[in-house]
Amino acid sequence: MTHLSNYGNDRLGPYTFVHLADFVHSCTNLRLQTLPPVQLARKYFELFPEQRDPLWQNPCDDKRHKDIWSREKTCDHLPKFLIIGPQKTGTTALCLFLLMHPSVASSLPSPQTLEEVQFFNGNNYHKGLDWYMAFFPTPPNATTDFLFEKSASYFHSEDAPKRAASLVPKAKIITILVDPSDRAYSWYQHQRSHGDPAALRFDFHEVVTTGQQAPPDLLALQRTCLVPGWYAAHLERWLAYFAASQLLIIDGQQLRSSPAAVMDETQKFLGVTPHYNYSRALTFDPQKGFWCQLLDGGKTKCLGKSKGRKYPPMDSEVARGAPARRELALVTSRLRSPRRHYEPRSSRGPRRCGGRSRTQPYLMAVRPKLRTRPRDPCRLHGRPVSGLLRGRGLRDLVPRAGDLLLAFAFQSRTFLSSYYRDHNVELAKLLHRLGQPLPAWLRQELQKAR
Ligand SMILES: Nc1ncnc2c1ncn2[C@@H]1O[C@H](COP(=O)(O)OS(=O)(=O)O)[C@@H](OP(=O)(O)O)[C@H]1O
């Protein structure tokens with residue numbers, strides 16, 4: 001029993017096995033029993049459950065395997081580097097830019113897998129090596145050409161690092177990091193536009209803050225919004241299998257604002273030649289609002305609508321649904337008794353937020369508008385707050401109750417900053433250990449943590 005592919009389709013193994021069994025049967029008193037293959041496999045895995053998960057190795061790493069392998073097969077159909085994600089950090093833009101390089105090619109598109117092969121992280125892994133290798137073209141020059149594969153959910157997968165290290169131990173690994181709160185929000189918007197019922201039913205704030213008693217689809221969405229953002233923990237898992245020198249961490253904000261500089265760094269890291277001049281090949285497209293490929297004739301090739309989506313910023317999301325209304329009512333009640341919640345720091349200085357911590361994010365967000373104690377905190381823009389909140393839907397109230405809705409929305413970012421605080425501190429330590437600079441968003445988050 002072996003978990004390696006039967007590389008040479010050799011029949012010697014089964015032949016030897018059958019004759020060994022015959023020998024044992026005829027020369028001893030042992031009673032041998034067998035079963036049909038599937039039942040036999042089940043029995044085997046009952047006895048050795050730890051072997052249930054295969055771990056594919058590179059056939060070319062062992063001369064004995066290579067020697068018996070079919071001549072048509074080649075290890076050139078394996079990636080030299082992987083873009084592992086996480087999702088919504090700019091991985092597709094990085095692919096587009098890399099593919100402009102004459103010596104770089106990616107896995108082939110397939111109706112089976114849509115955008116990504118997703119081999120190392122899920123059930124596709126059980127389809128085996130031949131299945132995976134079939135996604136890669138034959139490179140014109142296997143020594144200098146670079147094949148790669150991008151599957152953005154590898155980043156947070158428990159299995160992917162171990163599996164990837166077993167098959168392509170020398171591969172380089174590229175990851176992109178953006179503020180995990182923005183990543184979570186972008187993922188939420190992605191799910192909404194893909195019609196995920198939970199993302200359509202619940203607003204972002206509800207998704208990220210909901211407790212364990214929530215319906216399973218909401219919890220599942222919450223997980224996919226939040227868990228990939230535990231950057232340090234996921235990176236440590238990759239670093240357990242790949243050397244730090246094999247890992248490139250790209251600042252997603254920089255990729256977005258100065259892609260040519262990032263591409264120069266990436267080329268250097270990969271060791272790909274010739275050097276490609278991205279400063280000339282990329283241009284900012286004001287309509288798209290992102291950098292795109294500059295084509296002959298001055299036209300641009302940008303990513304499709306699903307990358308760089310148009311949606312309201314997290315701060316201005318309109319509160320929806322009953323829980324949102326309840327929370328908004330809470331803000332209103334806090335505003336009605338300002339003395340309990342606004343304490344003057346000095347007679348002239350700005351007022352500090354007081355009250356219970358639950359109210360703090362709201363009040364902090366409202367504060368810029370309420371720097372001096374409002375004459376009548378129950379009124380906004382001359383209208384009673386309570387009246388604004390009753391009657392018409394919250395959506396209609398945006399222009400009038402703007403302060404409150406702003407306060408409400410700020411709360412998601414405040415919540416996420418505090419949710420990711422420890423993860424971000426760990427990430428800063430990790431980057432420090434690797435001798436890498438801290439991205440601007442991480443510096444800001446660390447300052448908030450002080
Ligand atoms: N040049 C360029 N063009 C378009 N989009 C760009 C670019 N650079 C970075 N980004 C950001 O990439 C976000 C999508 O990330 P991914 O490609 O990793 O998403 S996915 O996981 O593959 O779905 C996408 O997120 P959204 O803005 O939420 O759509 C963009 O913010």
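In this predicted model, Cys60 counts as partly exposed, at 21% relative accessibility. The cut-off explains the label, because buried means under 20% relative accessible area. Cys60 lies in the loop between helix 2 (37-47) and helix 3. In sequence, Cys60 and Asp76 are 16 residues apart. In space, their C-alpha atoms are 9.6 Å apart.

The next residue after Asp76 to be described is His77. His77 sits in the loop between helix 3 (63-68) and strand 1. Its relative accessible area is 17%, so His77 is buried. The side chain of His77 makes a polar contact with the side chain of Thr138. The distance of this contact is 2.8 Å.

A second cysteine, Cys95, belongs to helix 4. With a relative accessible area of 11%, Cys95 is buried. Cys95 and Phe148 are 53 residues apart along the chain. Their C-alpha atoms are separated by 9.1 Å.

The backbone also deserves a look. Most residues other than glycine have a negative phi, and most peptide bonds are trans. The loop between strand 1 (81-85) and helix 4 holds Pro86. The peptide bond from Gly85 to Pro86 is cis, with omega near 0 degrees. Lys88 has its place in the loop between strand 1 and helix 4. Lys88 is not a glycine, yet its phi is positive, at about 70 degrees. The relative accessibility of Lys88 is 19%, so this residue counts as buried.

Another cis peptide bond joins Thr273 and Pro274. Here omega is about -5 degrees. Pro274 is in the loop between helix 13 (259-270) and helix 14 (278-281). Gln118 also has a positive phi, of about 45 degrees, although it is not a glycine. The loop that holds Gln118 runs between strand 2 (104-106) and helix 5 (129-133). Gln118 is partly exposed, because its relative accessible area is 28%.

Attention now turns to helix 7. This helix covers residues 180-193, which makes 14 residues. From the first C-alpha to the last, helix 7 reaches 20 Å. That is close to the 20 Å expected at 1.5 Å a residue. At the start of helix 7, a side-chain oxygen of Asp179 comes to within 2.9 Å of the backbone nitrogen of Ser181. Just after helix 7, Gly195 takes a positive phi of about 75 degrees.

Helix 7 is largely enclosed by the rest of the structure, because eleven of its 14 residues are buried. The buried residues include Pro180 and Ser181 at one end of the list. Also among them are Arg183, Ala184, Tyr185, Ser186, Trp187 and Tyr188. Gln189, His190 and Gln191 are buried as well. An α-helix has 3.6 residues a turn, so residues three or four places apart point the same way.

Helix 7 also takes part in the largest pocket. The volume of this pocket is about 1,400 Å³. Of the 50 residues that line the pocket, the closest to its centre are Lys88, Thr89, Gly90, Ser186 and Gly308. Several elements each supply at least two residues of the lining, among them helix 4 (91-99), helix 7 and helix 12 (252-257). Strand 7 (290-294) and helix 22 (440-449) do so too. Which helix gives the most to the lining of the largest pocket? Helix 7 does, with six residues. By residue type, the lining divides into 20 nonpolar, 15 polar and 15 charged residues.

The ligand is surrounded by 18 residues. The closest are Thr91, Thr92, Ser186, Gly308 and Tyr311. Ser186 therefore appears in three settings: it is a buried residue of helix 7, it is among the residues closest to the centre of the largest pocket, and it is among those closest to the ligand.

Backbone atoms approach the ligand at several points. A polar backbone atom of Lys88 is 2.9 Å from an oxygen atom of the ligand. Arg309 places a backbone N or O atom 2.9 Å from an oxygen atom of the ligand. For Trp291, the partner is a nitrogen atom of the ligand, and a backbone N or O atom of Trp291 lies 2.9 Å from it. Lys88 thus links two parts of this account: it has a positive phi, and its backbone lies 2.9 Å from a ligand oxygen.

Notes. Residues are numbered from 1 along each chain as its sequence is written. This is a predicted model: local features need pLDDT of at least 70, side-chain atom pairs count only at pLDDT 80 or more; totals for chains, interfaces and linings use all residues. Side-chain values use heavy atoms; hydrogens and water are left out. Helices (H or I, at least four residues) and strands (E, at least two) are DSSP runs, numbered from the N terminus. The expected span of a helix is 1.5 Å times one less than its number of residues. Buried means under 20% relative accessible area, exposed over 50%, partly exposed in between (1.4 Å probe, protein chains only). A polar contact is a pair of N or O atoms within 3.5 Å; within protein, one must be able to donate a hydrogen and the other to accept it, and residues adjacent in sequence count only if both atoms are side-chain atoms. On a 1 Å grid over the protein atoms alone, a cavity is a set of points where a 1.4 Å probe fits but cannot get out, and a pocket is an open set with protein on both sides within 12 Å along at least five of seven lines; lining residues have an atom within 4 Å of a point. Grid points are joined across faces, edges and corners, and a volume is the space filled by probe spheres set on the points. Ala, Val, Leu, Ile, Met, Phe, Trp, Tyr, Cys and Pro count as nonpolar, Asp, Glu, Lys and Arg as charged, and the others, Gly among them, as polar. A residue is near a molecule or strand if one of its heavy atoms lies within 4 Å of it.
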